[in-house]
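Visitor: I would like to learn how to read a fold from its contacts, its core and its sheets. Could you take me through one model with care?

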Number of protein chains: 2
Amino acid sequence: MLERFKVPEQDRVYVAVERIRAATEGILRHNGVPADEAASSADVLIKNDLRGVESHGVSNSLRRYVAEYGEKTLNATPNFKIERETKTTMTVDADGALGIHVGPWAMQQAIDKAKEFGMAAVAVKNSGHLAGCGYYAMMAAEQGMIGHCMTAGGANQTVPTFGSKPVMGTNPIAWAAPARDMPPFLFDVATTQVANNKIGLARRIGANIEPGWVTDLDGEPILEEVAPPDTGDYYLLHIGGTRENGSHKGYGLALMNEIICNELSGYGPGPVVGGSGGHFFQAYDIEAFTDTEKFKDDMDALLQYIVDVPPAKGFERVLYAGLKENEDEKERMKTGIPYHKEVIQWFESYCAEADIDCDLR
Amino acid sequence: MLERFKVPEQDRVYVAVERIRAATEGILRHNGVPADEAASSADVLIKNDLRGVESHGVSNSLRRYVAEYGEKTLNATPNFKIERETKTTMTVDADGALGIHVGPWAMQQAIDKAKEFGMAAVAVKNSGHLAGCGYYAMMAAEQGMIGHCMTAGGANQTVPTFGSKPVMGTNPIAWAAPARDMPPFLFDVATTQVANNKIGLARRIGANIEPGWVTDLDGEPILEEVAPPDTGDYYLLHIGGTRENGSHKGYGLALMNEIICNELSGYGPGPVVGGSGGHFFQAYDIEAFTDTEKFKDDMDALLQYIVDVPPAKGFERVLYAGLKENEDEKERMKTGIPYHKEVIQWFESYCAEADIDCDLR
């Protein structure tokens, strides 16, 4: 994450992982989620926070989820319905489950099928926020496979190349792959210039946003550095930003995501039908294609080659997707996770009101 | 394709599809490729040219292939070896075949397996240039499936975010999906700002290249509009261009491509081992996930919604990936394909020397 998105030193409260996990599980249980599923749901947010993906951790998400459970737009006790199933595929109606609720289960279905048949995918519809895709892709990598995940929730946020009105959401995508001694590859990005959550994060910490990240309400790209516009006063731009700089590439990726998450799942076109859309979870069994031990050695050689590339002038080192996340995770397991004090205040006041056990200091 | 990359009006020679196809097949047969395989190989280049993807048609590619057949770095009569096979996966050593030689066969294997088992993928190694990935993804769409293809040939061309030296190639990716009445979705891009072939194309037609497309030999991005540098005097940049504009997203996509094409195929890390790398072909059977007729209706609704979006100021209309390609194909079937006169001269002189039947005028 860019330096500007980090919580400023003076506003940080470091919280031990198990404390924030317990509080998060408690809040989900309080909202009706069964204990096991509260634990697997909370794990998604906590791992995101551990890996430095604060935009998809508890800070931005939990308040929203609690509101959605309160309004009954989310179902805390869903009954997942398997609509179609083959040896390698499954289509699931999530019955209004939060994405982090159905996601870990659905990804494990894909992994189990891939173990047996070489590769597999699970398409999910009628589900809420997934909190990014990296967590699910990493589930496969942790089980010795290549993982892939996408989600197309939240249409009408991002302006297509040449367009004046938004069509799709941020439509994030992720892939992960294991190595042997090097930290695993974990690539997890929105197909927009930035995730929408990052605009909120910038607002909270008083940071500017870069040229070419958003448009005004006529779809004109804002091409200077500005303070984050208020919610409702901007649209997002796809990866690339402008046509000259290749926004049709980010736009095409987002459309691929929309087609696979919403049309292949049978949900229907997000921009047309609105509502909560689809997710997609896929796993490739490495052993089905090649020798897993050679694969891991080759991954180490590749990733070592990359980190050994001399940095360009003004930069410290060359990274690859997943390296910094792995370093953050190791460090935060020791130091705790740095949250904005305002986030911790929300936890404490919510837990006090709801009489949830919560000890974050 | 950006207007600047089109062949200037005064340099165009329009050639009927079947004439350029016959000449291309003749040249491949002359180089030892068996007739059936010369036909399926030529089809890749001709369809690219028909769809307006001149950067991956006969103009840039055929001379190079002829040289590689001449030097015996390509095998005109390869014996494809299936190294591993499961119900849904296959790993193939292409025995030095040109990518357009093994590609149509490998993609059809993936499609056939997906028809039976829901989804499937074929990893190929030891193969030459694939001529982009769109053709192969479209093979699946034409057979009512979602297609996906990647290739990681040609390492050490593109500088990673923060780096000073190139690591990967242009690592293109493609997905395609059918609709009912709307032209199919066909998304086919390099994970660099532009395909390397486009720099050559710009050089041939005397066009400039945009800021943030390439770096100098220290890996510093060239941030003004310049004439295309000579081969060997520049490196490419990943989608996004600079870190602030999200080059880590293009870089991550390229690395995903490298891992799946080269490590999963068992070839080994392209930047380390060099040589010709791997391709990846995947198909999803729509019917395994949902009702294909509903899928096609949903695709039409989605794509119609997009083309109905009002354009931003200064633009004519909103496109989606595959729409312009489809329009170009329909038009060029009637008008012939516009080639640069210099390309036609090469064909005529090569055919004359090699005594190949060639009637392009």
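Visitor: What share of the contacts in chain A with a separation of 6 or more comes from residues 24 or more positions apart?

Guide: This is a predicted model, in which local features need pLDDT of at least 70 and side-chain atom pairs count only at pLDDT 80 or more, while totals for chains, interfaces and linings use all residues. Residues are numbered from 1 along each chain as its sequence is written, and chains are lettered from A and ligands numbered from 1 in the order in which they are written. Two residues are in contact if their C-beta atoms, placed from the backbone, lie within 7 Å, and in chain A the share is 65%.

Visitor: What radius of gyration does chain A have?

Guide: The radius is taken over C-alpha atoms, and the globule rule is 2.2 Å times the number of residues to the power 0.38. Chain A has 20 Å, which agrees with the value near 21 Å for a compact globule of 361 residues.

Visitor: Which residues have the most contacts inside the largest nonpolar core?

Guide: In soluble globular proteins, nonpolar side chains tend to be buried together. A core joins buried Ala, Val, Leu, Ile, Met, Phe, Trp, Tyr and Cys residues through C-beta atoms within 7 Å, where buried requires 20 or more other C-beta atoms within 10 Å of a residue's own. Here the largest core has 228 residues, and A:Ala137 and B:Ala137 have the most contacts inside it. Beyond four places in sequence, B:Ala137 touches residues including B:Trp175 and B:Leu186 by the contact criterion.

Key
A residue is buried if 20 or more other C-beta atoms lie within 10 Å of its own, exposed if 12 or fewer, and partly exposed in between; C-beta atoms are placed from the backbone.
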